[in-house]
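Okay, thanks everyone, let me get the model up on the screen. I'll walk through it and you can stop me whenever you like.

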Amino acid sequence: MTNRRDFFKQAFAVVGAGAIVQLFTKSNAWAALKPVMKDAQCKAQAAGLGYVDNLAQALKQKKIQKSQVANWKPLDQKCVNCMFYGKSDNSCQILPGCAVNPNGSCNSWTGKQS
Ligand code: SF4
């Protein structure tokens with residue numbers, strides 16, 4: 001039979017282990033994302049979308065075309081304003097496993113709903 005002290009020891013051990021597993025899982029998920037321009041597979045997938053790592057620079061160099069969309073100026077059509085962008089880890093739903101540049105963009109850009 002366990003006494004109250006043993007019960008709390010076991011309860012803290014379980015809660016502590018769960019928290020460590022959760023932290024480890026989150027950090028692994030973050031680490032698993034590869035920056036688009038530094039990973040050959042991500043780079044190839046992104047090229048298919050016409051991805052550029054810096055929208056302002058790409059517009060100046062005419063590497064990407066953007067026109068005014070509803071309330072969005074061409075310069076504002078960055079990943080950071082895209083509905084597929086994940087702010088916490090720079091993820092992109094269209095490029096799974098890859099981390100995009102918040103200042104980047106591509107031909108699939110879709111403005112976030114306000
Ligand atoms: S879909 Fe959106 S977040 Fe993904 S690369 Fe294109 S502009 Fe960036």
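So, burial: of the 114 residues in the chain, 19% count as buried. By buried I mean 20 or more other C-beta atoms within 10 Å of the residue's own; exposed is 12 or fewer, partly exposed is in between, and the C-beta atoms are placed from the backbone. This is a predicted model, so local features need pLDDT of at least 70 and side-chain atom pairs count only at pLDDT 80 or more, while totals for chains, interfaces and linings use all residues. Numbering starts from 1 along each chain as its sequence is written.

How confident is the predictor? pLDDT is its confidence in each residue, from 0 to 100. The chain averages 84, and 72% of the residues score at least 70. Residues 17-27 have a pLDDT below 50, and that stretch has zero contacts in the model beyond near neighbours in sequence. A contact here means two C-beta atoms, placed from the backbone, within 7 Å. And the usual warning: where pLDDT is low, don't read the predicted coordinates in detail.

On to secondary structure. The chain has three helices and four strands, and from the N terminus the order is α-β-α-α-β-β-β. Those are DSSP runs numbered from the N terminus, helices being H or I with at least four residues and strands being E with at least two. Taking contacts between residues at least 6 apart in sequence, 59% join residues at least 24 apart.

Now the core. The largest nonpolar core has 17 residues. A nonpolar core, for this purpose, is a set of buried Ala, Val, Leu, Ile, Met, Phe, Trp, Tyr and Cys residues joined through C-beta atoms within 7 Å. Which residues have the most contacts inside it? They are V36, A46, C92, L95, C98 and V100. Two elements, α2 (40-48) and β4, give two or more residues to this core. As background, nonpolar side chains in soluble globular proteins tend to be buried together.

Stay on V36 for a second. Setting aside residues up to four places away in sequence, V36 touches C42, K43, A46, Y51, D53, L95, C98, A99 and V100.

D53 is on that list, so let's follow it. D53 is in the loop between α2 and α3, and it is partly exposed because 17 other C-beta atoms lie within 10 Å. Apart from neighbours within four places in sequence, D53 is in contact with V36, M37, N101 and G104. The C-alpha atoms of D53 and S105 are separated by 6.7 Å, with their positions 52 residues apart along the chain.

There's another long-range pairing at G97, in the loop between β3 (91-92) and β4 (98-99). G97 and K34 are 63 residues apart in sequence, yet 6.4 Å apart in space, C-alpha to C-alpha. Beyond four places in sequence, G97 contacts A32, L33, K34 and C42. G97 counts as partly exposed because it has 13 other C-beta atoms within 10 Å.

Q93 sits in that loop between β3 and β4 too. Buried or exposed? Exposed, because there are 11 other C-beta atoms within 10 Å of Q93.

Over in helix α3 we have L59. L59 touches I64, K66, P74 and L75, not counting residues up to four places away in sequence. From L59 to P74 is 8.4 Å, C-alpha to C-alpha, and they are 15 residues apart in sequence.

Then the backbone oddities. Most residues other than glycine have a negative phi. A70, in the loop between α3 (55-60) and β2 (85-86), has a positive phi of about 45 degrees. N90, in the loop between β2 and β3, has a positive phi of about 60 degrees. A70 counts as exposed because it has 5 C-beta neighbours inside 10 Å, whereas N90, with 19, counts as partly exposed.

Last stop, the ligand. There are 15 residues around it, and C79, C82, C92, C106 and W109 come nearest; near means a C-beta atom, placed from the backbone, within 6 Å. That shell divides into twelve nonpolar, three polar and no charged. Nonpolar here covers Ala, Val, Leu, Ile, Met, Phe, Trp, Tyr, Cys and Pro, charged is Asp, Glu, Lys and Arg, and the others, Gly among them, are polar. Note that C92 turns up both here and in the core list.

How values were computed. pLDDT is the predictor's confidence in each residue, from 0 to 100.
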